[in-house]
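The following paragraphs lead through one structure, with attention to charged side-chain pairs and their exposure. The reader is invited to keep the coordinates open while proceeding.

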Amino acid sequence: MKILFHGHSCFELEHDGKRVIIDPFLTGNPKATAKPEDIRVDAILLTHGHGDHVGDALQIAKENNATIIAPFELATWFGWQGAKVHPLHIGGGHTFDFGRVKLTPAFHGSGFIREDKQEIIYLGMPAGLIVTMGDYTIYHAGDTGLFSDMKLIGMQHEVDVAMLPIGDNFTMGPEDALLAAEWVGAKRVIPMHYNTFPLIEQDADAFVKRLEKKGIRGVILQSGESIDLTR
């Protein structure tokens, strides 16, 4: 499996000729090096409805004839915008031609903000993602605080890579993310949702060093960089 990082919380996963993108925030993302028209995927996976995660999902979906896979309310909303969608909800999973997706809890918010009308459209509960492609299992935590049921994720799944937010303020900070990494028990941890904006600036090198002291392998990816997983 190849994991390509686009900055913030956006990752592309590729395995056996199939590609999916998670939370495709490219336009307006100061860390992104790719443009939405560069993306070629079979599906778009969304954790929640905030603009820095929904991002360019609709454009990418229409240009690739790709399915948006998201929590029910968010998927419904995208269906109204003309996208192909597959709704899921927390605890539920489904097997697609590229692999399997299961939604996990995440403690955060989810809504589309219309600044001009001072209006927020509620888009359901946020979620994390367990994505299995071939023999590889990825846990993308989405935007979340620390919660003890992360232990169950580690008990139920042999996680090859966990993407965990470390930015603080809106999500877990480094301290809580260290505990989350231990509970999930992933073979590798990639920090995400940090340094995109001043409010979430963090020292990823320091975080990875602390992971290593706990015997956990940390991987820092810059936007446009990738890693290849091998058995």
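Residues are called buried under 20% relative accessible area and exposed over 50%, with partly exposed in between. The model is predicted, and the terms just given are applied to it below.

According to an unreviewed UniProt entry, the annotation "domain: Metallo-beta-lactamase" covers residues 7-193. Over residues 7-193 the chain is 21% helix and 33% strand. The end C-alpha atoms of that stretch are 8 Å apart.

Salt bridges provide a route through the model, which holds 7 of them. One of these joins Glu 14 to Arg 19, with the closest N and O atoms 3.4 Å apart. Glu 14 has a relative accessibility of 27% and therefore counts as partly exposed. Arg 19, at 31%, likewise counts as partly exposed.

A further salt bridge is formed by the side chains of Asp 97 and Lys 18, at 3.5 Å from N to O. Asp 97 lies in the loop between β7 (93-95) and β8 (100-105), while Lys 18 belongs to strand β3 (residues 18-22), so the pair ties together parts that are 79 residues apart in sequence. How do the two partners stand with respect to accessibility? Asp 97 is exposed, because its relative accessible area is 61%, whereas Lys 18 is partly exposed at 27%.

Lys 187 and Glu 158 also form a salt bridge, their closest N and O atoms being 3.2 Å apart. This pair links distant parts of the chain, 29 residues apart. Lys 187 is in the loop between α5 (174-184) and β14 (188-192), and Glu 158 is in the loop between α4 (150-156) and β13 (161-165). With 37% relative accessibility, Lys 187 counts as partly exposed; Glu 158, at 60%, counts as exposed. The pair also belongs to a network, in which salt bridges that share partners join Glu 158, Asp 160 and Lys 187.

The last residue to consider is Asn 64, found in helix α2 (residues 57-64). Is Asn 64 buried or exposed? Its relative accessible area is 17%, and the cut-off for a buried residue is under 20%, so Asn 64 is buried. Leaving aside neighbours within four places in sequence, Asn 64 is in contact with Ile 39, Arg 40 and Val 41.

Conventions:
Residues are numbered from 1 along each chain as its sequence is written. This is a predicted model: local features need pLDDT of at least 70, side-chain atom pairs count only at pLDDT 80 or more; totals for chains, interfaces and linings use all residues. Side-chain values use heavy atoms; hydrogens and water are left out. A salt bridge is a side-chain nitrogen of Lys or Arg within 4 Å of a carboxyl oxygen of Asp or Glu. Buried means under 20% relative accessible area, exposed over 50%, partly exposed in between (1.4 Å probe, protein chains only). Helices (H or I, at least four residues) and strands (E, at least two) are DSSP runs, numbered from the N terminus. UniProt positions are given in the numbering used here, feature names are shortened, and annotations may be inferred rather than shown by experiment. Contact means heavy atoms within 4.5 Å.
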